[in-house]
Amino acid sequence: MVNVSSGDKPLSYAVLCAAYIKGMETFVINSNFSNSLAVIPTPKFYYDRIITKTNLRILNSIARAGGRVSGLDQLQRLSGLIKPLLSYHLHGRDNTKGLIDLGLVWVENKKCENGTIVIVRLTAIGKPFVTNRK
């Protein structure tokens, strides 16, 4: 178990993110309630074991675009992956979770003059996985 209540806030957030990614149990001691202990729920899966290199490539591509891409065409250009493969990794299948289900990206269908465009954004959970910021 990891105590995330000691230290300053940025350090606590960093430790909490790392523990969440690794699937470690965390707790906080709340001094407002007579030093009561609160255990923070642990995810049922470990992100570092289910995120593939292709998923990381997609997340890094979105990060290089400022955390948001407008359309799968732009994401295809940035990542070098074809649209069916992008769709598979975003949405997943019956036996695999996609980036959307994992909460790493958020997708919105936005109406515009020429129809509908897909906006893909990194979530707060997805940002710690970005490795090559440019």
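Author: Before we start: helices here are DSSP runs of H or I with at least four residues, and strands are runs of E with at least two, both numbered from the N terminus. And keep in mind that this is a predicted model.

Reader: Okay, how many helices and strands does the chain have?

Author: Read along the sequence, the pattern goes β-α-β-β-α-α-β-α-α-β-β. Count up the two kinds and you get 5 helices and 6 strands.

Reader: Which strands form the open sheet, and in what order?

Author: This sheet takes in 3 strands, and their pairing is antiparallel. β4 (68-70) and β5 (105-112) stand at the edges with a single partner strand each, so one side of each has no neighbour in the sheet. Neighbouring strands are turned by 20° against each other on average, ignoring direction. The order is β4-β6-β5.

Reader: Let's zoom in on β4 and β6. What is the bridge partner of R68 in β6?

Author: These two strands run antiparallel and are joined by 3 bridges. For R68, the partner in β6 is R121.

Reader: Which strands of the sheet does α3 touch?

Author: α3 packs on the sheet, and its direction makes about 100° with that of β6. The strands it touches are β4, β5 and β6.

Reader: Now the inside. Which element gives the most to the largest nonpolar core?

Author: That core has 18 residues, and I58, L59, I62, L75, L99, L104 and V105 touch the most other members. Two or more residues come from each of α3 (53-64), α5 (83-91) and β6 (115-122). With 3 residues, the one that gives the most is α3.

Reader: What does L59 touch, leaving out residues up to four places away in sequence?

Author: L59 is among the core residues that touch the most other members. Leaving out those sequence neighbours, L59 touches L99, L104, V105, L122, F129 and V130.

Reader: Is Y20 buried, partly exposed or exposed?

Author: Y20 lies in helix α1, residues 9-22. Buried means under 20% relative accessible area and exposed means over 50%. Y20 has 31%, so it counts as partly exposed.

Reader: How far apart are the C-alpha atoms of Y20 and I125?

Author: Along the chain, these two residues are 105 residues apart. In space, their C-alpha atoms are separated by 9.5 Å.

Reader: And for the whole chain, what percentage of the residues is buried?

Author: The chain exposes about 8,700 Å², with carbon and sulfur atoms supplying 54% of that. Of its 134 residues, the buried ones make up 29%.

Note on methods:
Residues numbered from 1 in each chain as written. Predicted model: local features only at pLDDT ≥ 70, side-chain atom pairs only at ≥ 80, totals over all residues. Heavy atoms only, no water. Core = buried A, V, L, I, M, F, W, Y, C linked by side-chain atoms within 4.5 Å. Buried < 20%, exposed > 50% of the residue type's maximum accessible area, 1.4 Å probe, protein only. Contact = heavy atoms within 4.5 Å. Pairing = 2+ DSSP bridges. Axes fitted to C-alpha atoms, helices over the stretch in contact; angles between N-to-C directions. Areas by Shrake-Rupley, 256 points an atom, 1.4 Å probe, with all protein chains shown as cover.
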